[in-house]
Number of protein chains: 2
Amino acid sequence: MSFSAGMLNNVPCHSCPLRAKGPFKDYADRDIRFLDELKKDHVAFEAGRDIVMAGDTDPPLYTLFSGWAFRYKLLPDGRRQILNFLLPGDPIGFQGHMFEASPHSVQTLTDVEVCSFHRSKIWELFRSHPELAFDLTWLTAREECFVDDNLLTAGRRSALEAVGALLIHLYKRADALGMHRNGGVEFPLTQNHIADALGLSLVHTNKSLRKLSKIGMHEIKNGTLTFMNGRAMEKLAQIFDDPVAARPLL
Amino acid sequence: MSFSAGMLNNVPCHSCPLRAKGPFKDYADRDIRFLDELKKDHVAFEAGRDIVMAGDTDPPLYTLFSGWAFRYKLLPDGRRQILNFLLPGDPIGFQGHMFEASPHSVQTLTDVEVCSFHRSKIWELFRSHPELAFDLTWLTAREECFVDDNLLTAGRRSALEAVGALLIHLYKRADALGMHRNGGVEFPLTQNHIADALGLSLVHTNKSLRKLSKIGMHEIKNGTLTFMNGRAMEKLAQIFDDPVAARPLL
DNA sequence: CGACTTGTTGAGCCCATTCAATGCTAGTGG
DNA sequence: CCACTAGCATTGAATGGGCTCAACAAGTCG
């Protein structure tokens with residue numbers, strides 16, 4: 001395996017900048033101290049790199065510290081389906097730890113930093129830190145929520161609705177984490193990622209995006225996404241509200 | 001609310017017939033005793049009934065004891081997407097308990113019996129029965145696996161592949177639970193359920209099913225599904241293997 | 001018996017796909 | 001500075017998979 005993951009200076013959990021971000025929960029000192037024990041390293045990966053491969057046995061246990069990533073699956077002939085997108089605070093690789101092999105792959109979308117944890121101590125977490133264990137379950141359930149929504153989108157929304165719904169979903173999540181950029185939010189996806197998340201062809205995804213921006217719904221430029229008319233977009237995309245996406249992490 | 005749920009004689013967990021089924025785990029006496037405490041009732045619902053509605057706050061906590069059910073979501077105009085199917089041993093309503101409201105509905109496919117649990121004691125489960133808590137997380141992760149797979153199917157498989165993949169998936173799960181019926185397994189889905197699980201139209205689903213059975217892949221008759229050529233079906237459906245489906249519960 | 005659910009089949013259309021070509025931007029190396 | 005490459009976005013044209021509409025068969029139930 002090539003060496004492209006760089007070590008960084010380890011950020012202790014008790015002073016993690018993510019804790020200050022809006023939706024994070026306040027833990028007891030005891031829990032935070034345990035997290036620090038659990039934490040092994042602070043690692044960086046460049047954009048476009050697979051950090052977990054489907055089939056890996058005992059893949060590493062990470063938490064996304066900064067940057068974007070996504071989970072995906074492949075068919076034997078190469079067709080790709082993106083399952084959901086990962087933002088700072090999201091766990092990586094826990095599913096693979098629960099089964100004999102990871103059922104999916106994880107790839108970085110941007111340069112990222114991840115916190116790596118000692119796999120062997122997960123059981124201890126359940127035994128002596130029930131609050132953390134509960135939250136781990138909560139995070140797993142939350143991720144399932146996102147996949148459920150994406151399945152509804154891919155299965156039952158038209159291409160135009162689907163593209164709109166995905167943009168809104170990602171906007172809300174990035175917004176809740178404060179990933180702003182002059183009027184909009186950071187948006188590192190290519191049209192190929194959008195197509196593979198929605199089960200559409202690249203060409204049709206492009207045409208749908210153009211149509212949406214042409215009727216003044218949104219704009220994507222220089223890696224930032226801005227909504228000109230968010231309410232109209234929600235209506236077009238057949239969305240009521242998505243409280244889970246807006247309040248991401250405990 | 002109409003009264004159509006019937007009370008049955010309460011089956012204590014320590015003598016639950018599901019424990020004898022292949023893939024179930026052996027728990028410590030202490031854990032089983034706690035489960036018995038946790039268990040409130042044993043309830044029956046008839047086929048085609050919603051037992052959890054999207055938006056319900058604090059929905060009941062169930063475990064499917066016998067029969068089939070499914071989780072689904074609706075768009076405002078009525079389009080339905082089935083997320084995954086529930087078989088005996090599967091938990092129901094835990095996601096709704098984790099958020100302020102249930103993000104999806106659950107409907108019975110057959111007459112079912114469910115075990116209902118005291119919601120208020122879930123936290124105690126995490127605090128004093130880490131093994132059970134871990135397994136609850138495991139079950140949540142396993143369900144996500146199924147949804148991931150279904151998303152891959154709906155998004156990237158052709159109609160013919162998709163129908164084949166769904167039939168195989170359900171066959172494996174029912175088989176692992178011993179739900180046999182003269183050469184095949186119990187299969188209570190209508191073509192409408194298949195269509196809504198795969199994001200296809202009813203008509204096209206029918207034509208795909210007919211094509212598959214016409215080329216000798218399978219047969220569905222009197223509520224039982226039989227494969228005439230399982231290996232060929234797996235190849236056609238672009239499936240390698242699905243270890244998670246075959247080994248369902250712990 | 002009529003009402004209803006489920007499955008089946010044909011006809012025609014359209015949304016989304018594939019194929020193909022082009023422009024744009026950034027990076028690389030001479 | 002320019003030639004060359006590579007990745008991404010864009011657009012048109014033609015095809016087709018899956019859609020809607022419509023009608024009908026068969027079984028079940030009150």
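**Notebook: DNA strand D and helix H7**

I started at Arg210(A), where a polar side-chain atom lies 3.2 Å from a phosphate oxygen of DNA strand D; a polar contact is a pair of N or O atoms within 3.5 Å. The model is predicted, so I noted its limits: local features need pLDDT of at least 70, side-chain atom pairs count only at pLDDT 80 or more, and totals for chains, interfaces and linings use all residues. Residues are numbered from 1 along each chain as its sequence is written, chains are lettered from A and ligands numbered from 1 in the order written, and side-chain values use heavy atoms, without hydrogens and water.

I then looked up Asn206(A), which has a side-chain N or O atom 3.1 Å from a phosphate oxygen of strand D. In Ala159(B), a polar backbone atom is 3.1 Å from a phosphate oxygen of this strand. Helix H7 (202–214) of chain A and helix H7 (202–214) of chain B are the elements giving two or more residues to the surface near strand D (near: a heavy atom within 4 Å; helices: DSSP runs of H or I, at least four residues; strands: E, at least two). H7(A) gives the most, 4 residues.

Next I turned to H7(B). Thr205(B), Ser208(B), Leu209(B) and Leu212(B) are buried (under 20% relative accessible area, 1.4 Å probe, protein chains only). They lie on the same side of H7(B) because they cover an arc of only 100° around the axis, taken from the directions to the C-beta atoms. On the face turned away I found Val203(B), Lys207(B), Lys211(B) and Lys214(B), exposed (over 50%). After H7(B) comes Gly216(B), with a positive phi near 80°.

Methods
Polar contact = N/O pair within 3.5 Å; in protein donor to acceptor, adjacent residues only side chain to side chain.
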